[in-house]
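Colleague: Could you take me closely through one part of this model, the aromatic side chains and how they sit with one another? I would like a connected account that I can follow with the structure open.

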Amino acid sequence: MQKVDDKDITQILEWFADSGVQDISSERSIVQKNSEKEIKTLAELKEVMRNVDISIKACALNMVFGVGNEHADILLLGEAPGAEEDKQGIPFVGQSGQLLDKILAAVGLDRTKVYITNILPWRPPGNRTPTLQEITMFRPYVIKHISLVNPKIVVCLGGTASKALLQTTQTMTQLRGKWAKVEELSASILPTFHPAYLLRSPSQKREAWVDFLTVKNRMQG
């Protein structure tokens, strides 16, 4: 995992301060300690993440790590587990997951051909949106997770995943369907709508369909 230097730590501290977080000494030590730790396999990463000291663990039933082809060319990155994911310990198995499976099938993909994970491995209480503090704490793990799978394409599902990975404040309207890169990863990144949003706004399914066709076309050269 890329080492976090003093400039990065300063930016993280400023993020926390802007969010109203007062006591951040423990968060700083967590970021430094685990960013510098040598992690060579997904199993090692999972064990390190399982031991992270974060309050949302107390409200969750299971850690939800990742599922699918660990050598996939396409990685799907969501926000956080929901109720059903928390019960089963598997990402995207509720209604959103069922829609995601249909979208994948429509472009000739399934869970054996992709890898799926989230920004957070535990369900936030009440299915709330992950806080900036939680996102900042886990982004180094997300980067390492993606690096170990080493996909060619990362599809960010929804605004939280897109903004967290790309470290941007742009809206989904601005980000959706546009290829992007981050310094830490070789993969190309494509933000698209989260399946949960598509369930609430079915008129946007066409845009998501176009995005997944774009992914398919890029994979086919």
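Modeller: What follows looks at the aromatic rings, with some of the surrounding chain as background. Please keep in mind that this is a predicted model, and that the values below are computed from it.

As a setting for the rings, the protein chain has ten helices and five strands, and 47% of its 221 residues count as buried. Of the contacts between residues at least 6 apart in sequence, 71% join residues at least 24 apart. The accessible surface of the chain comes to about 11,000 Å², with 46% of that area belonging to carbon and sulfur atoms.

Turning to the rings themselves, the count of aromatic pairs comes to three. One of them joins phenylalanine 138 and tyrosine 141, whose ring centres lie 5.4 Å apart with 50 degrees between the planes, a tilted arrangement. Both residues belong to helix H6, which covers residues 132-149, and they are three residues apart there, or about one turn of the helix. Phenylalanine 138 and tyrosine 141 are both buried. A second pair is formed by phenylalanine 193 and tyrosine 197, and this pair also counts as tilted because the planes stand at 40 degrees, with the ring centres 4.9 Å apart. Within that pair, phenylalanine 193 is buried, since its relative accessibility is 13% and the limit for that class is under 20%, whereas tyrosine 197, at 28%, is partly exposed.

Which residues form one aromatic cluster? Trp122 does so together with Phe138 and Tyr141, so that the pair described within helix H6 belongs to a group of rings.

Another tryptophan takes part in an arrangement of its own kind: the charged end of arginine 218 sits over the ring of tryptophan 179, at 3.8 Å from the ring centre.

For comparison with the rings, helix H3, spanning residues 42-50, has Leu42, Leu45, Val48 and Met49 buried. Viewed down the axis of H3, these buried residues fall within an arc of 120 degrees, and therefore they line one face of the helix.

Finally, a word on the cysteines, as you may have them in mind at the bench. The structure holds zero disulfides. Cysteine 156 counts as buried because its relative accessibility is 0%, while cysteine 59, with a value of 49%, counts as partly exposed, the class for exposed residues starting over 50%.

Definitions and conventions. Residues numbered from 1 in each chain as written. Predicted model: local features only at pLDDT ≥ 70, side-chain atom pairs only at ≥ 80, totals over all residues. Heavy atoms only, no water. Disulfide = S-S within 2.5 Å. Buried < 20%, exposed > 50% of the residue type's maximum accessible area, 1.4 Å probe, protein only. Helix = DSSP H or I, 4+ residues; strand = E, 2+ residues; numbered from the N terminus. Arc of directions from axis to C-beta. Contact = heavy atoms within 4.5 Å. Areas by Shrake-Rupley, 256 points an atom, 1.4 Å probe, with all protein chains shown as cover. Phe/Tyr/Trp six-rings, centres within 6.5 Å; stacked < 30°, edge-to-face > 60°. Lys NZ or Arg CZ within 6 Å of the ring centre and 35° of its normal.
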